[in-house]
Amino acid sequence: MTGKILFFTILFVVCGVLQSKISSKIKVCKRSDPQLSECIINSINDLRPSLATGDLGDGINAPPLEPFSIENLDVGQNSDFQITMKNLSIRGPSTFKIDKFRANINDLKFDLIITLPKLNIKGQYILNLRLFNTPLRSNGDILLKLEDYRAKINMKGIKYLRGTNEHMKFERFNLKIHQGKVKLFKLTNLFNGQKNLEEAANSIFLENSEFVLSNVYPSLEARLGELFTDIANNITADATFDELFPN
Ligand SMILES: *[C@@H]1O[C@H](CO)[C@@H](O)[C@H](O)[C@H]1NC(C)=O
Ligand SMILES: *[C@@H]1O[C@H](CO)[C@@H](O)[C@H](O)[C@H]1NC(C)=O
């Protein structure tokens, strides 16, 4: 009888340990670790293949980073130059490099700077242009090659009680895009495929691409900030603070 109770007790304890509420794919860091920032950097780097596929383990799913999809982006809605980019497929986000990471566990502040060495973007566009008072409309494929884009992300966690357990969730990330180099900005089927016009227009776009793209950043920053906050909160949702950052 005693043996049976002992057996069930052990089984219960073992299951309890195995049933930790954080995905087994995520390496947790001790909050007392003097190298906490480095530990978290390693943990994020280890998670990279899972971030690429979006399978974060233990039933936690996120939108895949590779390729990363954006349904649509609008530029210059109230101007003579309006472009809508649709169905964008972005290759390269999972090759991000962490340039800087600073964790302040007392204030639950995490500041991150990443570089995206290469991004290849494919999708469709709809262009509405007013040229010498003549409206022009084109649609076709858009190709973009971007290099060395950077993003600065500030994260702030807040602790809250669920029952008697302390949990943590993130406030909306503050995300800022720092423009890198635009290597290719190409629209196909411009002006019904009139080759000379198309080439001329594409070289104008490439020359002005940084300006054109800069119009997209505020809404892109807000959307990516929200998305990454949701992903992070999905990862941490069921774990207590002690499971996330053990003593
Ligand atoms: C977060 O989790 C919910 C519930 O599993 C899921 O519906 C949602 O798509 C997830 N959000 C992200 C951004 O992964
Ligand atoms: C979206 O793009 C993919 C290729 O990246 C293409 O196969 C698909 O047809 C596109 N979908 C729409 C609705 O245009």
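The radius of gyration here is taken over C-alpha atoms, and the rule for a globule is 2.2 Å times the number of residues to the power 0.38. You're working with a predicted model, where local features need pLDDT of at least 70, side-chain atom pairs count only at pLDDT 80 or more, and totals for chains, interfaces and linings use all residues. Residues are numbered from 1 along each chain as its sequence is written, while chains are lettered from A and ligands numbered from 1 in the order in which they are written.

**Exercise 1: overall form**

Work out how the radius of gyration of the protein chain relates to that of a compact globule.

*Solution.* Start with the rule: a compact globule of 247 residues would come out near 18 Å. Next, take the value for the protein chain, which is 23 Å. Then look at the box filled by the C-alpha atoms: along the principal axes it is roughly 90 × 35 × 30 Å. Finally, check burial (a residue is buried if 20 or more other C-beta atoms, placed from the backbone, lie within 10 Å of its own, exposed if 12 or fewer, and partly exposed in between). Buried residues make up 16% of the 247.

**Exercise 2: elements and confidence**

List the order of the elements, then find which has the lowest mean pLDDT.

*Solution.* Helices (H or I, at least four residues) and strands (E, at least two) are DSSP runs, numbered from the N terminus. The protein chain has six helices and eight strands. Read from the N terminus, the order is α-α-β-β-β-β-β-β-β-β-α-α-α-α. Now for pLDDT, the predictor's confidence in each residue, from 0 to 100. The chain averages 89, and 91% of the residues score at least 70. Helix H1 (residues 2-18) has the lowest mean, 54, and strand S7 (residues 174-178) the highest, 97. Within residues 13-18 the pLDDT is below 50, and this stretch has zero contacts in the model beyond near neighbours in sequence. A contact means C-beta atoms, placed from the backbone, within 7 Å.

**Exercise 3: the core**

Find which strands each supply at least two residues of the largest nonpolar core.

*Solution.* A nonpolar core is a set of buried Ala, Val, Leu, Ile, Met, Phe, Trp, Tyr and Cys residues joined through C-beta atoms within 7 Å. The largest one has 15 residues, and those with the most contacts inside it include Ile83, Tyr125 and Ile142. The strands you want are S2, S4, S5 (134-162) and S8 (181-187). Zoom in on Ile142: leaving out residues up to four places away in sequence, Ile142 touches Met85, Gly123, Gln124, Tyr125 and Leu187.

**Exercise 4: two ligand shells**

Sort the residues around each ligand by class.

*Solution.* First, a residue counts as near if its C-beta atom, placed from the backbone, lies within 6 Å. For the classes, Ala, Val, Leu, Ile, Met, Phe, Trp, Tyr, Cys and Pro are nonpolar, Asp, Glu, Lys and Arg are charged, and the others, Gly among them, are polar. Around ligand 1 sit Ala62, Leu227, Asp230, Ile231 and Asn234, giving three nonpolar, one polar and one charged. Around ligand 2 sit Asn87, Ser89, Lys122 and Gln124, giving no nonpolar, three polar and one charged. Strands S2 (81-91) and S4 (109-131) each supply at least two residues of the ligand 2 shell.

**Exercise 5: one residue**

Is Leu161 buried or exposed?

*Solution.* Leu161 is found in strand S5. Leu161 has 8 C-beta neighbours inside 10 Å, so it counts as exposed. Its C-alpha atom is 9.3 Å from that of Thr240, 79 residues apart along the chain.

How values were computed. Two residues are in contact if their C-beta atoms, placed from the backbone, lie within 7 Å.
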